[in-house]
Amino acid sequence: LFELFVQHGKSLYSYFTSKAKAIEKAKELSKIIIKSNQKIYMVDEMEFINIKKKSMAIYYMDSINRMKAKMYRFGINGTNNRLDHNLTNMPTVLVDEICNDNNLMQLDLSNSQFAILCLILKNELDTDDFKAFKELACSGQLYESMQEKLGLKSRDEAKVTMFELLFSSHNNKSEGKAKLKEFYPSVIDWIDNYKVQNGYEAFSVMLQLKESEIFIQKLWNTIKEKGFFCISRHDSLIYKTEDQNQIEGMVTEY
């Protein structure tokens with residue numbers, strides 16, 4: 001059973017139902033079922049698209065207007081030690097545009113959460129399936145491999161699926177997770193055991209803390225100490241194009 005949200009006029013209500021019953025009801029009412037922001041809705045397709053377009057436009061313009069008005073924010077997140085600022089949650093398409101307009105470059109870590117997981121697991125596991133998982137994650141080919149193994153349509157779908165499977169509760173018994181466990185049994189078992197002992201939300205926080213250690217405490221601080229302009233954004237660094245060789249050299253060395 002899951003909670004299904006239904007729009008009735010201007011009101012939104014919800015009830016618990018099964019997948020089969022939800023699909024049956026949606027067909028009866030000529031509506032679609034869609035998952036958005038971790039909630040599942042039964043809605044009119046075009047109405048939902050228009051609502052999302054409007055909310056995205058408001059969010060995008062708010063991000064731009066705050067920068068234009070110099071309403072800057074900057075601080076360390078107390079949960080995961082990430083650096084929070086105006087660009088942190090700004091849509092990537094806008095960050096890209098800002099970088100293009102200001103002669104800035106971005107350098108990020110491919111498959112970052114999974115590469116960092118492999119860094120943590122290298123002293124925990126010595127199995128063949130972990131070595132195969134690590135090879136894919138550290139070469140930046142994990143999502144392409146999962147797309148093929150799980151029969152998905154695109155790399156983006158594989159990325160979303162991997163995040164849903166690995167960052168959901170250990171009680172997740174989905175077909176996708178079962179398939180993933182066939183390929184990487186020791187990796188999935190280790191993750192599930194960690195979630196049982198610490199709570200499933202602690203798993204993502206653990207990876208984010210390691211990410212912050214790498215990108216803020218080590219790389220960002222080192223680069224700033226040497227006098228270069230640099231901004232960290234989760235698992236990436238933003239810097240001047242003219243400083244590319246020096247900064248990429250420091251990152252590679254680290």
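1. Let's start with a small detail: in strand S4, Lys39 is the bridge partner of Ser36. That pairing belongs to a bigger picture, in which strand S3 (residues 32-36) and strand S4 (residues 39-43) run antiparallel and are joined by five bridges. Keep in mind, as you look around, that this is a predicted model.

2. How many residues sit between S3 and S4 in their hairpin? There are two, and Asn37 in the turn has a positive phi of about 55 degrees.

3. Now hop over to the open sheet of three strands, ordered S7-S9-S8 and paired in antiparallel fashion. Strand S7 (104-108) and strand S8 (230-233) are at the edges with a single partner strand each, so each has one side without a neighbour in the sheet. From one strand to the next, the twist averages 25 degrees.

4. Take a look at how S7 meets strand S9 (residues 236-240): the two run antiparallel, with five bridges joining them. If you want a spot to click on, find Leu107, which stands opposite Leu237 in S9.

5. Helices lie across these strands too. Helix H3 (residues 92-101) lies across S7, S8 and S9, and runs at about 135 degrees to S7. Helix H11 (residues 244-253) lies across S7 and S9, at about 155 degrees to S9.

6. Helix H5 is a nice one for practising the idea of a helix face. Its buried residues are Asp129, Phe130, Phe133, Leu136 and Ala137. Looking down the axis of H5, you'd see them fall within an arc of 125 degrees, so they line one face of the helix. Here is the background: an α-helix has 3.6 residues a turn, so residues three or four places apart point the same way. Turned away from the buried side of H5 is a face that carries the exposed residues Asp128, Glu135 and Cys138.

7. What covers the buried residues of H5? The cover includes H4, H6, H7, H8 and H9. After H5 comes Gly140, whose phi is positive, near 80 degrees.

8. Helix H7 (residues 155-167) has 13 residues and reaches 18 Å from first C-alpha to last, close to the 18 Å expected at 1.5 Å a residue. Buried in H7 are Ala158, Thr161, Met162, Leu165, Leu166 and Phe167. Their cover includes helix H4 (112-121), helix H5 (128-138), helix H6 (142-149), helix H8 (175-183), helix H9 (185-198) and helix H10 (200-225).

9. Time for the aromatic rings: the count comes to 15 aromatic pairs. In one of them, the ring centres of Phe114 and Phe133 are 6.5 Å apart and the planes are at 75 degrees, so this pair is edge-to-face. Phe114 is in helix H4 and Phe133 in helix H5, 19 residues apart, and the pair links these distant parts of the chain.

10. Phe114 also forms an edge-to-face pair with Phe163, at 5.4 Å centre to centre and 80 degrees between the planes. Since Phe114 lies in helix H4 and Phe163 in helix H7, this pair ties together parts that are 49 residues apart in sequence. Are these two rings' residues buried or exposed? Phe114 is buried, with a relative accessible area of 1%, while Phe163 is partly exposed, at 29%.

11. Finally, zoom out a little. Ring pairs link Phe114, Phe133 and Phe163 into a cluster that also includes Tyr143, Phe167, Phe183, Tyr184, Trp190, Tyr194 and Phe203.

Terms used: Residues are numbered from 1 along each chain as its sequence is written. This is a predicted model: local features need pLDDT of at least 70, side-chain atom pairs count only at pLDDT 80 or more; totals for chains, interfaces and linings use all residues. Side-chain values use heavy atoms; hydrogens and water are left out. Helices (H or I, at least four residues) and strands (E, at least two) are DSSP runs, numbered from the N terminus. The expected span of a helix is 1.5 Å times one less than its number of residues. Buried means under 20% relative accessible area, exposed over 50%, partly exposed in between (1.4 Å probe, protein chains only). Contact means heavy atoms within 4.5 Å. The arc is that of the directions from the helix axis to the C-beta atoms. Two strands pair if DSSP finds at least two bridges between them. Axes are lines fitted to C-alpha atoms, for helices over the stretch in contact, and angles run from 0 to 180 degrees between N-to-C directions. Rings of Phe, Tyr and Trp (its six-membered ring) pair if their centres lie within 6.5 Å; planes under 30 degrees apart count as stacked, over 60 as edge-to-face and the rest as tilted.
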